[in-house]
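Reader: I would like to go through this structure term by term. For each label, please give the value and the cut-off behind it.

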Amino acid sequence: MIEFEALKANSLDEALDVLVEKKDKVKMVSGGTDMLVQIHHESEDLKGMNFLLDISSIPGLGGIEDKGKYMKLGALCTHNEIIDSQLVNEKLQILQQAAQVIGSTQIRNRGTVGGNINNASPAADLVTALIALEASVVLQSKHEKRELSLSEFVTGPYCTDRNEDEIMTEVKVPYIQGEYFENYQKVKRRQAVAIARINLAVITKIKNNRFDDIRVVFGSATPTAMRFRDIEKKINGTELAEINYEKLAQKTGQEMIGFTGERWSTPYKKPVVGNLLKRALRNIVKEVQ
Ligand SMILES: Cc1cc2nc3c(=O)[nH]c(=O)nc-3n(C[C@H](O)[C@H](O)[C@H](O)COP(=O)(O)OP(=O)(O)OC[C@H]3O[C@@H](n4cnc5c(N)ncnc54)[C@H](O)[C@@H]3O)c2cc1C
């Protein structure tokens, strides 16, 4: 059993002081939906943890705000807040599509965007959608505030670029301007309360009936969610009616293997990534028409 002292921060300053003072002996918890599972399983990552710092009540770290060119998601913003937000519904629907398929009502009520990103699971649903949206994250330490793109921040499976004295305070999501279409897909072992076997976010502009500025991001197909740039290049500029779904599906599988090599899961994942892309593109084409 892991033994630790529970601490609660009432302000950002207080939390940052604790991180400086306790260094690698302290871990943070917000909604707890990942952290409590790790504690229960006595995860190796928690070795040496003497303190658990609850950051869930820190004022100013929650909420969803329109900042003109981008949307600010407070790190403590929950999945259900994203689903219920009128602003997200109007401007960034793919975030709602992704949040809606996370866990269960209870998980969506507790789980936060900051927790989803910092846990850095390759299957994290919001991460896949946020990378497609070219989101960035803001990290605050006692003396410095820095911002970096989400794709730079997630450095590997369950690994991030966060320093031990930093707290993620917000996620900045640039608005997509003009005729963009968004589609989120998730394959799981069962219909409810299931982690993605593979997920996919597709965002594309449709200009003169052609795909333009398409972003194709798969989660759980590669060690971290990432853009499939070769496929994007192949789709950009293609007329909607001329898209060759079968060829694209095949190329998607090949691009994945280019990143991962042949693995035990390849016979399953190779056709599935292709089929998911076909499904997302067909949904978008249907919506355009
Ligand atoms: C039954 C079940 C089903 C689930 N289903 C899904 C699913 O379908 N899709 C999915 O993506 N996830 C799923 N999850 C995982 C989890 O619910 C999400 O990842 C959730 O968003 C985590 O948020 P949290 O606030 O609970 O994180 P916590 O457990 O509180 O924290 C997770 C990690 O992030 C760190 N952290 C949290 N906030 C910050 C911050 N502001 N700054 C720096 N570090 C921070 C913590 O220290 C910890 O390391 C599921 C979990 C369970 C238990």
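Author: The answers below concern a predicted model, and they take the ligand site, the strands and a few backbone angles in turn.

Reader: What makes the pocket the place of the ligand, and which pocket is it?

Author: The ligand sits in the largest pocket. A molecule is said to sit in a pocket if more than half of its atoms lie within 2 Å of the pocket's grid points, and the ligand is assigned to the largest pocket on that basis.

Reader: How do you know that Met28, Gly31 and Asn116 make polar contacts with the ligand?

Author: The cut-off for such a pair of N or O atoms is 3.5 Å. An oxygen atom of the ligand is 2.6 Å from a polar backbone atom of Met28. For a polar backbone atom of Gly31, the distance from a ligand oxygen is 2.8 Å. An N or O atom in the side chain of Asn116 is 2.9 Å from an oxygen atom of the ligand. Each of these pairs therefore meets the limit of 3.5 Å.

Reader: How much of the ligand does the protein bury?

Author: Taken alone, the ligand exposes 980 Å², and the protein buries 89% of that.

Reader: How many residues surround the ligand, and which elements give two or more of them?

Author: The shell holds 32 residues, and the closest are Met28, Thr33, Asp34, Met35 and Thr112. The elements that give two or more residues are β2 (26–29), α2 (35–40), α7 (113–119) and β10. The largest share, 5 residues, comes from α7.

Reader: Why is strand β10 called mostly covered?

Author: A residue is buried under 20% relative accessible area. In β10 (residues 167–174), 7 of the 8 residues are buried, so the strand is described as mostly covered.

Reader: What makes β5 and β6 partners of β10?

Author: Pairing needs at least two bridges. Strand β5 (residues 70–74) is joined to β10 by 5 bridges and runs antiparallel to it; here Leu73 stands opposite Val171. Strand β6 (residues 136–140) also pairs with β10 in the antiparallel sense, over 5 bridges, with Gln140 opposite Ile167. Both counts therefore satisfy the requirement of at least two bridges.

Reader: Why are β11 and β14 called edge strands?

Author: They belong to an open sheet of 4 strands in the order β11-β12-β13-β14, with antiparallel pairing. Strands β11 (180–188) and β14 (226–227) each have a single partner strand, so one side of each lacks a neighbour in the sheet. Strands β12 (residues 196–207) and β13 (residues 210–219) pair over 8 bridges, and one bridge partner in β13 is Phe218, opposite Leu200.

Reader: What makes the phi values of Glu42 and Asn208 worth a remark?

Author: Most residues other than glycine have a negative phi. Phi of Glu42 is positive, near 50°, and that of Asn208 is also positive, near 50°. Glu42 lies in the loop between α2 and β3 (51–54), while Asn208 is in the loop between β12 and β13.

Reader: Why is Glu42 called partly exposed, but Asn208 exposed?

Author: Exposed means over 50%, and partly exposed lies between 20% and that limit. Glu42 has 43% relative accessibility, so it counts as partly exposed. Asn208 has 68%, so it counts as exposed.

Reader: How do you know that helix α8 is mostly covered?

Author: In α8 (residues 125–132), 8 of the 8 residues are buried, among them Asp125, Leu126 and Ile131. Just after α8, Glu134 takes a positive phi of about 60°.

Notes:
Residues are numbered from 1 along each chain as its sequence is written. This is a predicted model: local features need pLDDT of at least 70, side-chain atom pairs count only at pLDDT 80 or more; totals for chains, interfaces and linings use all residues. Side-chain values use heavy atoms; hydrogens and water are left out. Buried means under 20% relative accessible area, exposed over 50%, partly exposed in between (1.4 Å probe, protein chains only). A residue is near a molecule or strand if one of its heavy atoms lies within 4 Å of it. A polar contact is a pair of N or O atoms within 3.5 Å; within protein, one must be able to donate a hydrogen and the other to accept it, and residues adjacent in sequence count only if both atoms are side-chain atoms. Accessible areas come from the Shrake-Rupley method with a 1.4 Å probe; for residues, only the protein chains shown count as cover. On a 1 Å grid over the protein atoms alone, a cavity is a set of points where a 1.4 Å probe fits but cannot get out, and a pocket is an open set with protein on both sides within 12 Å along at least five of seven lines; lining residues have an atom within 4 Å of a point.
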